[in-house]
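Here are some notes for a first reading of this structure. Please keep the sequence and the 3D view side by side while going through the points.

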Amino acid sequence: SAAGAAMKGALRYHSVTVSEVMTPLINVFMLSADERLGFDVVAKIFKTGYSRIPVYEVSKSNIVGLLFVKDLIFLDPEDEIPVKNFTHIFGRGLHFVWADDNLGDVLKLLKSGRSHMAVVQDVNQGDGRDPFYEVKGIITLEDILELIIGDEIIDE
Ligand code: ADP
């Protein structure tokens, strides 16, 4: 039954890892902190339909905060204000998780925060060099719910 299948999905997500359901970095729509919120950029943001946009400095693997698209109601694109002025900095709700964390823990974390989005990182062992942290993508509550509901659809 659908209810039974959803129940199975709901139980299974505990052992599934973040990397299996995250949105990989290459598919994440981000903005540079230095970019200016003129007409073109704002139009591009609205076109994506996303409600939260990760903001990076220097390179896309250095995410420094989030831009909430709803904040742009107050924006006049003629002012060409830099993205950084609209960026919510970490500590106010953005989390980091590991690519191999299981979804049970991440669900708990995402429910406790306010942004409902986490940055996924992993340790890159390098080749002979010192290991370093690498951003792999993002994960939201939606990605976890999709796993649970997707199981139900496949089972039918
Ligand atoms: P939204 O509220 O913006 O639609 P959701 O949390 O509902 O975002 O997530 C829907 C899907 O979009 C998820 O797979 C999530 O990983 C992905 N997602 C969310 N924000 C972005 C973004 N800025 N760039 C790329 N993918 C995103």
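1. A term is needed before anything else: a nonpolar core is a set of buried Ala, Val, Leu, Ile, Met, Phe, Trp, Tyr and Cys residues joined through C-beta atoms within 7 Å. Please also keep in mind throughout that this is a predicted model.

2. The largest nonpolar core holds 28 residues, and those that touch the most other members are Val18, Val55, Ala118, Val120, Ile138 and Ile139. At least two residues of this core come from each of β3, β4 (63-68), α3 (103-112), β7 (117-124) and β8, and β7 gives the most, with four residues.

3. Ile138 deserves a separate look, since the name appears in two lists: Ile138 is one of the core residues that touch the most other members, and Ile138 is also among the residues around the ligand. Once its neighbours within four places in sequence are left aside, Ile138 is in contact with Met22, Thr23, Val28, Pro54, Met117, Ala118, Val119 and Val120.

4. Which residues are found around the ligand? They are Thr23, Asn27, Val28, Phe29, Tyr50, Ser51, Arg52, Ile53, Ile138, Thr140, Glu142 and Asp143. By kind, this shell divides into five nonpolar, four polar and three charged residues, and at least two of its residues are supplied by each of β3 (52-56), β8 (132-140) and α4 (141-155).

5. The helix α3 shows two sides that are worth comparing in the viewer. Its buried residues are Leu103, Val106 and Leu110, and, seen down the helix axis, they fall within an arc of 60°, so they line one face of α3. On the other side of α3, Lys108, Lys111 and Ser112 are exposed. As background, an α-helix has 3.6 residues a turn, so residues three or four places apart point the same way.

6. How many of the 10 residues of helix α2 (residues 39-48) are buried? The number is zero, so α2 lies largely in the open. After α2 comes Gly49, whose phi is positive, near 80°.

7. Val16 lies in the loop between α1 (2-12) and β1 (23-24). Is Val16 buried, partly exposed or exposed? Val16 has 17 other C-beta atoms within 10 Å, and because a residue needs 20 or more to be buried and 12 or fewer to be exposed, Val16 counts as partly exposed. Apart from its neighbours within four places in sequence, Val16 is in contact with Val21, Asn102, Leu103 and Leu147. By C-alpha positions, Val16 and Leu67 are 29 Å apart in space, with their places 51 residues apart in sequence numbering.

Technical notes. Residues numbered from 1 in each chain as written. Predicted model: local features only at pLDDT ≥ 70, side-chain atom pairs only at ≥ 80, totals over all residues. Near = placed C-beta within 6 Å. Nonpolar A, V, L, I, M, F, W, Y, C, P; charged D, E, K, R; others polar. Contact = placed C-beta atoms within 7 Å. Arc of directions from axis to C-beta.
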